[in-house]
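Visitor: I would like a close look at a single part of this structure, starting from one residue and working outwards. Please take me through it in one connected account.

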Amino acid sequence: MKLTLRIWRQAGPADSGRMVAYEVPDANPDMSFLELLDVLNERLTLEGDDPVTFDHDCREGICGACGVVINGQAHGPRERTTTCQLHMREFSDGDVIDVEPWRSVAFGVVKDLMVDRSGLDRIIRAGGYVSVNTGSAPEAHATPVPKPIADTAFDNATCIGCGACVAACPNGSAMLFTSAKVTHLNSLPQGAPERSERVLNLVEAMDAEGFGGCTNTGECTNACPKGIPLDSIATLNREYLRASLGRK
Amino acid sequence: MAVTTPTRPAPAARPARPARSSFAPLNFWRSTIGKKTVMAVTGLLMLAFLLAHMLGNLKIFYGRDDFDHYADWLRTIGEPVLHGAWYLWIQRFVLTLAVVLHAVSAYQLSRRDLKARPAKYAHKQRAKAGYAVHVMRYGGITLALFIIYHILDFTSLTLNRHGVEGAAYDNVVSSFSVWWVTAIYILAMIFLGLHIQHGFWSAAQTLGLNRPSRDRAVHGIATGLAVLLTVGFLIVPVAVLAGLVG
């Protein structure tokens, strides 16, 4: 496959950045998108150019480290697929592919395609956990959880915190991310004692990071590689209202 | 002693945030979800008023006496507990407050939203959201301007061609006999329908009333209300222009 990549190059946070075109004549349909960038970077390195910086880690779709906007879509054209699990067979020979970093005022560009997503970490730090001493796993039947609630909690726990929701949202909102954490922890008995404090703290932290608000466009859930549903945002809103009315 | 981990760099400067107030409603108003809740509640209040307004308008088809009598009755609601037209002024005050709170929240949230995504993608995003979602802001501004025009036309009668207080029927007929006045109303009511179509579902989402099992029903009610109000409001000006009323 012969492809043309137009990649966002930005030397650092202070640089204004620009799209730069690269030819990749030796792309293979079985390569992942990150492997395509690896091939390009090998060549750039050999030619003495600066390789393209991008975030990546597990390369099996579960860590949330990778993620770029491909042709205007966070994580590219394939549904429920992270960039590392997107393969070049999704594209055709001769395609011109635009590759850009996540865009949000809360995610500053560090270099090229790498952005600073520590804002999401600070939201987690505000209450995206259950305050108990960890140790060996408790007996599974000690705390009964009804199956539908366990399923909802699990579905939301699959959020990998990649930030695609923020990148896809026209308002750069982190509502889907925050709602996944709140829905996951607030629906389980283990999370119940901190239910109100958690949602108030998470929303406060989310707003403080400069993320936009939700206008219910649904772009986030379409971009989410884990398919976190829009319903989680309704749950977040419900939990926030409940806590704001002073209920514990 | 050897240091095995490098010193962590200082975290990047974060946007200043106001300290949490001990007054809970203030924290609520400051939060994005709080402002959206205000928009949802005021929006639903205005929607309830519009339904009553639309149904009342249809009384014009019963003729001049019936319609003028209805318009006059509106000024007597609440009597004798309330003095004449007091109810009307209470309603006007509540609705104005709703419009102002709705608009202020929308303005503050929109400013925040636009600031949150200053850089656009070089490759245009293919929006999955429908047309109604994209015209919420412009549609809202259009509706605000329309409300001012509408009040000058039929409440203060400043712009009304007939402009006789108490002669509601003739005032309506005189305005809608002009084609471009009817055109303004048609345009505004289409924006109203689009605004309600996304707004109603959005309000249910913001108030946390949506569930996957209710999603189709809420979408259905939103579309139903949008069509009902747009058509219901437009029957009158179109009928006047067509010569069926007047």
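Guide: Let us begin with S196(A), which lies in helix 6 of chain A, bearing in mind that the model is predicted. The relative accessibility of S196(A) is 7%, so this serine counts as buried, the cut-off being under 20%. Once its neighbours within four places in sequence are set aside, S196(A) is in contact with R242(A), A243(A), R247(A) and K248(A).

Just before helix 6 in the chain comes E194(A), which is placed in the loop between helix 5 (175-186) and helix 6 of chain A. With a relative accessible area of 24%, E194(A) is classed as partly exposed. Apart from neighbours within four places in sequence, the contacts of E194(A) are with Y129(A), V130(A) and S131(A), and with S131(A) there is a side-chain polar contact of 2.5 Å. As a marker of distance within the chain, E194(A) and A65(A) are separated by 129 residues in sequence and, C-alpha to C-alpha, by 29 Å in space.

The same stretch of chain A leads to the partner chain, since one of the salt bridges found there joins E197(A) to R20(B), with 3.6 Å between the closest N and O atoms. Helix 6 (195-208) is among the elements that each supply at least two residues to the side of chain A that touches chain B, together with strand 5 (96-100), helix 4 (164-168), helix 7 (219-223) and helix 8 (231-244). Sorted by class, that side of chain A comprises 24 nonpolar, 16 polar and eleven charged residues.

Taken as a whole, the interface brings 51 residues of chain A into contact with 41 residues of chain B, and about 3900 Å² is buried between the two chains, 48% of it on carbon and sulfur atoms. Three salt bridges are found across the interface of chain A and chain B, while the residue pairs in polar contact between them number 24.

Stepping back to the chain that holds this region, chain A contains eight helices and seven strands, and its C-alpha atoms fill a box of roughly 60 × 40 × 35 Å along the principal axes. Its radius of gyration is 20 Å, which agrees with the value near 18 Å for a compact globule of 248 residues. Of those 248 residues, 54% count as buried, and among the contacts in chain A with a separation of 6 or more, 67% are between residues 24 or more positions apart.

Definitions and conventions: Residues are numbered from 1 along each chain as its sequence is written. Chains are lettered from A and ligands numbered from 1 in the order in which they are written. This is a predicted model: local features need pLDDT of at least 70, side-chain atom pairs count only at pLDDT 80 or more; totals for chains, interfaces and linings use all residues. Side-chain values use heavy atoms; hydrogens and water are left out. Contact means heavy atoms within 4.5 Å. Buried area is the accessible area (1.4 Å probe) that two parts lose on being put together, summed over both. A salt bridge is a side-chain nitrogen of Lys or Arg within 4 Å of a carboxyl oxygen of Asp or Glu. A polar contact is a pair of N or O atoms within 3.5 Å; within protein, one must be able to donate a hydrogen and the other to accept it, and residues adjacent in sequence count only if both atoms are side-chain atoms. Helices (H or I, at least four residues) and strands (E, at least two) are DSSP runs, numbered from the N terminus. Ala, Val, Leu, Ile, Met, Phe, Trp, Tyr, Cys and Pro count as nonpolar, Asp, Glu, Lys and Arg as charged, and the others, Gly among them, as polar. Buried means under 20% relative accessible area, exposed over 50%, partly exposed in between (1.4 Å probe, protein chains only). The radius of gyration is taken over C-alpha atoms; the globule rule is 2.2 Å times the number of residues to the power 0.38.
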